[in-house]
Each structure stands twice: as C-alpha cells, then as structure tokens.
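Could you walk me through this structure while I have it open in my viewer? I am new to it and would like to know what to select at each stop, and what is there.

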Amino acid sequence: MDTKRILTGDRPTGKLHIGHYFGSLQNRVKLQQIYETFIEVADVQALTDNFANPEKVKNNVKEIVMDELAVGIDPNKVTFFLQSMIPEIAELTVFYSNLVTIARLERNPTVKTEIAQKREIFGESVTYGFLGYPVSQAADITAFDATLIPVGEDQLPLIEQCREIVRKFNSIYGETLKEPQAYLGENKRIKGLDGNEKMGKSLGNAIYLADNEEEIVKKVMSAITDPNRIKKDDPGNPNICMVAYYHNLFSTKEEIEAICEECKKGKRGCVTCKKQLIKNIVEHLAPIQEKRHYYEERPKLVKEILIEGTVKARKEAKITMEKVKNAMKLDYFKEG
Ligand code: ATP
Ligand code: MG
C-alpha cells in the first residue's frame with residue numbers, strides 16, 4: 001500500500017444518489033485498493049443545517065453506510081467512523097477557528113451558494129456553526145493525517161480552505177500538519193433532474209441508488225428536456241436535455257450516438273428516450289440494490305462495522321491531537 005491516506009465522507013442528510021456514485025463513490029472503490037481509507041459519516045456537519053431535525057440525521061447514518069457498502073466499499077479495507085464520536089475533531093475545530101477570518105469564510109464560494117440555497121433555514125443571518133463548517137472539515141481531514149481527498153467539484157473550495165489552515169498552523173506552531181490534495185474523478189459534478197448544476201440530497205433533485213423502479217420512472221419522466229421541443233417531430237437539442245445527459249452516464253456509446261442523432265432530426269420522441277434511460281438505470285442499479293438488501297437485512301453487522309471503525313479512527317485522532325497540543329504548547333502536565 002502507498003503511504004498516502006484517504007479521508008472522505010458524506011453528510012447523513014439523505015441516502016446517496018447517482019451524483020455521489022459517479023462523482024465520488026466510484027473513485028473510493030478504486031482507491032481503497034491502493035490507499036488506507038477512512039470514511040466519515042459527517043453527522044456533526046449534517047447538524048449545521050439540520051440542527052432542528054436530529055432524527056433525520058440519526059436515521060440517515062445507517063442508510064449512508066449501507067449505500068457505501070452496496071457500491072463495493074470493502075469494510076475489511078476501509079475504516080468507517082462517526083464524526084460525533086471523535087471529540088478530537090471538535091477540539092481541533094476550536095483551535096483552527098483562530099486561524100480563519102470571518103471574511104474568508106464568507107467568501108468561500110461553496111458556502112456562499114449553500115447559504116443562498118438555505119434561506120428557509122437561516123433567514124437573513126447564517127449561524128456561526130454553518131459558516132464555520134469548512135473549519136470543522138479541516139479538522140476532519142487533518143485529524144487522520146489524510147493527504148488525498150476524493151470529492152466532487154463542490155468540495156474544492158473547502159479543501160483549499162483546509163490547505164490554508166494547515167499552512168497557517170504550521171507557520172505559527174511549527175511543521176505539524178500535512179496539506180491535503182483533492183482527488184477529482186472524471187465526473188466531478190453531476191447535475192440534478194431539474195437541470196441544477198449539482199444533484200444534491202438537500203436539493204430534491206436526485207435519483208437515489210436505492211430508488212425502486214417506480215420512483216425512477218417518476219423521476220425520469222419529470223426530468224427537464226429541451227423546452228423548445230413541443231411536438232414529437234420537432235428537432236431537439238440533446239445538449240440542454242437532462243435525459244440525454246444521464247444517457248451519457250448509463251448508456252453505451254452506440255446508444256448515445258443513435259439517441260442524439262435521432263433527437264436532433266426529430267425522429268425520436270422524448271418518451272421513448274426516457275423509457276430507454278429508465279431501463280438502463282434500473283439495470284445498472286440492480287446489483288447495487290441487491291447488495292444493499294443484504295445489509296438491510298443485517299442491521300447489526302452495519303452497526304458493528306461502524307463501531308469497530310470508530311474505535312480505530314479515535315486512536316488515530318488521539319495521535320494527531322497529541323502532536324497538535326505539543327506544537328501549541330498545551331502539554332502542561334507532560335512538562336511536569
Ligand atoms: P447535501 O445536499 O446534504 O449537502 P450532498 O448531496 O451535497 O448532500 P454530501 O454528503 O454533501 O452530499 O457530499 C458527499 C460527497 O459527494 C462530496 O465529496 C461531494 O463533493 C460529492 N457529491 C455530492 N453531490 C455531488 C454531485 N452532484 N456530483 C459529484 N459529486 C457530488
Ligand atoms: Mg453537500
């Protein structure tokens with residue numbers, strides 16, 4: 001195994017969707033063979049915008065882990081852990097918060113977009129916790145000495161924020177932390193059914209890995225297509241059609257070529273095109289759902305995986321904490 005360590009994770013705000021699958025999970029499955037991997041169930045981060053809904057966060061913890069296992073994450077290779085069970089992450093967050101200005105956090109483009117999307121929750125004034133979640137994410141990464149972070153594109157500004165914190169920490173307290181790097185896959189940002197630039201759990205525009213056929217039919221049938229195509233034989237523009245966009249992920253090259261050509265000539269109706277997409281998605285997700293079913297029937301096993309991983313992760317975080325406290329001269333009792 002390479003010496004690099006991976007830290008990645010998901011917020012338990014809903015089940016995982018095809019954006020996760022193409023954007024991040026496929027990379028995780030590939031990279032687990034090469035690098036030691038830690039996967040965080042980021043329940044503390046999920047609470048930053050779901051603080052009034054702890055039940056939702058709690059219920060989604062096992063759903064996320066089952067989705068990960070279903071796509072082929074190997075629990076014997078990877079360490080799954082719960083963020084809230086690692087108090088060192090919260091401690092590091094407090095120390096790092098001195099190294100970041102409010103203005104810098106407010107300028108973070110991902111945080112900015114998300115605040116705008118969450119007006120319903122925050123109104124005119126965002127909470128200190130949400131604004132500061134990039135700081136807590138820097139703590140997640142550095143607590144495990146991770147240097148490789150497989151993420152979707154929306155996470156790049158957060159990784160950059162973490163790198164800045166690491167540099168600042170090291171420049172003040174001495175070389176202690178490692179600067180992480182983002183690892184982006186080929187599909188770095190999967191769009192939503194509504195045409196939104198990002199499919200997201202909290203955006204209501206996702207096809208979930210666990211969706212049954214009925215749900216997939218409903219979602220694909222309502223996906224945004226070329227709005228200028230009114231009659232079946234009007235020439236269409238696949239470049240602005242979400243159905244064509246998802247065909248690129250689920251269909252063969254030959255199918256995609258045929259679809260685009262016939263669409264442009266007005267020879268293929270949207271319903272035919274959608275039905276073909278539905279069939280391909282259902283087929284693609286079948287083995288994933290079969291594996292998920294195995295774990296759904298074994299909740300104890302899922303819990304054990306999470307408990308075992310959390311114990312291991314805590315040990316790692318304690319090592320980092322000691323280094324950080326030494327560097328920050330917070331090792332009072334040690335000095336005697
Ligand atoms: P939420 O809406 O609650 O923030 P989310 O759908 O954005 O949920 P996260 O748990 O925040 O999911 O993200 C987990 C990982 O999946 C991150 O690395 C993120 O970059 C990646 N990811 C999420 N959505 C997409 C997407 N549409 N395309 C590519 N990667 C994505
Ligand atoms: Mg997100």
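Start by selecting Leu-82, which lies in strand S3. This is a predicted model, so please read each stop as a computed picture. Is Leu-82 buried or exposed? Its relative accessibility is 16%, and because buried means under 20%, Leu-82 counts as buried. Now add Gly-309 to the selection: 227 residues separate Leu-82 and Gly-309 along the chain, yet their C-alpha atoms are 8.4 Å apart.

Next, move to Gln-83. You will find Gln-83 in the loop between strand S3 (78–82) and helix H4 (87–96). Gln-83 is buried too, with a relative accessibility of 2%. Show the side chain of Gln-83 and look for what it touches: it reaches the backbone nitrogen of Val-44 at 3.0 Å.

**On to the ligand**

Select ligand 1 and display the residues around it. Where does ligand 1 sit? The answer is the largest pocket. Strand S1 (5–10) and helix H1 (18–31) are the elements that give two or more residues to the shell around ligand 1. Which of the elements gives the most to that shell? Colour H1 to see it: this helix contributes 3 residues.

The shell holds 20 residues, and those that come nearest to ligand 1 are Thr-13, Asp-154, Lys-198, Lys-201 and Ser-202. If you colour the shell by residue type, you should count 3 nonpolar, 10 polar and 7 charged residues.

Now zoom in on some individual contacts. Pick Asp-154 and show its side chain: an N or O atom there is 2.6 Å from an oxygen atom of ligand 1. Pick Arg-11 and show its backbone, where a polar atom is 2.8 Å from an oxygen atom of the ligand. Then go to Ile-190, where a backbone N or O atom lies 2.8 Å from a nitrogen atom of ligand 1. How much of ligand 1 does the protein bury? Taken alone, the ligand exposes 600 Å², and the protein buries 96% of that.

**Two stops in helix H10**

Select helix H10, residues 156–173, and find Lys-168 within it. Lys-168 is partly exposed, at 40% relative accessible area. Measure from the C-alpha atom of Lys-168 to that of Gly-23 and you should get 30 Å, for a pair 145 residues apart along the chain.

Stay in helix H10 and select Phe-169. With a relative accessible area of 0%, Phe-169 is buried, whereas Lys-168 is partly exposed. Add Asn-98 to the view: Phe-169 and Asn-98 are 71 residues apart in sequence, and the distance from C-alpha to C-alpha is 9.6 Å.

**Two backbone curiosities**

For the last part of the tour, turn to the backbone angles. Select Asp-145, in the loop between helix H9 (133–143) and strand S4 (148–151). Asp-145 is not a glycine, but its phi is positive, at about 60°.

Finish at Lys-329, in the loop that runs between helix H15 (299–327) and helix H16 (332–335). Lys-329 also has a positive phi of about 60° without being a glycine. Switch on the surface here: Lys-329 is exposed, with a relative accessible area of 61%.

Conventions:
Residues are numbered from 1 along each chain as its sequence is written. Chains are lettered from A and ligands numbered from 1 in the order in which they are written. This is a predicted model: local features need pLDDT of at least 70, side-chain atom pairs count only at pLDDT 80 or more; totals for chains, interfaces and linings use all residues. Side-chain values use heavy atoms; hydrogens and water are left out. A residue is near a molecule or strand if one of its heavy atoms lies within 4 Å of it. A polar contact is a pair of N or O atoms within 3.5 Å; within protein, one must be able to donate a hydrogen and the other to accept it, and residues adjacent in sequence count only if both atoms are side-chain atoms. Accessible areas come from the Shrake-Rupley method with a 1.4 Å probe; for residues, only the protein chains shown count as cover. On a 1 Å grid over the protein atoms alone, a cavity is a set of points where a 1.4 Å probe fits but cannot get out, and a pocket is an open set with protein on both sides within 12 Å along at least five of seven lines; lining residues have an atom within 4 Å of a point. A molecule sits in a cavity or pocket if more than half of its atoms lie within 2 Å of its grid points. Helices (H or I, at least four residues) and strands (E, at least two) are DSSP runs, numbered from the N terminus. Ala, Val, Leu, Ile, Met, Phe, Trp, Tyr, Cys and Pro count as nonpolar, Asp, Glu, Lys and Arg as charged, and the others, Gly among them, as polar. Buried means under 20% relative accessible area, exposed over 50%, partly exposed in between (1.4 Å probe, protein chains only).
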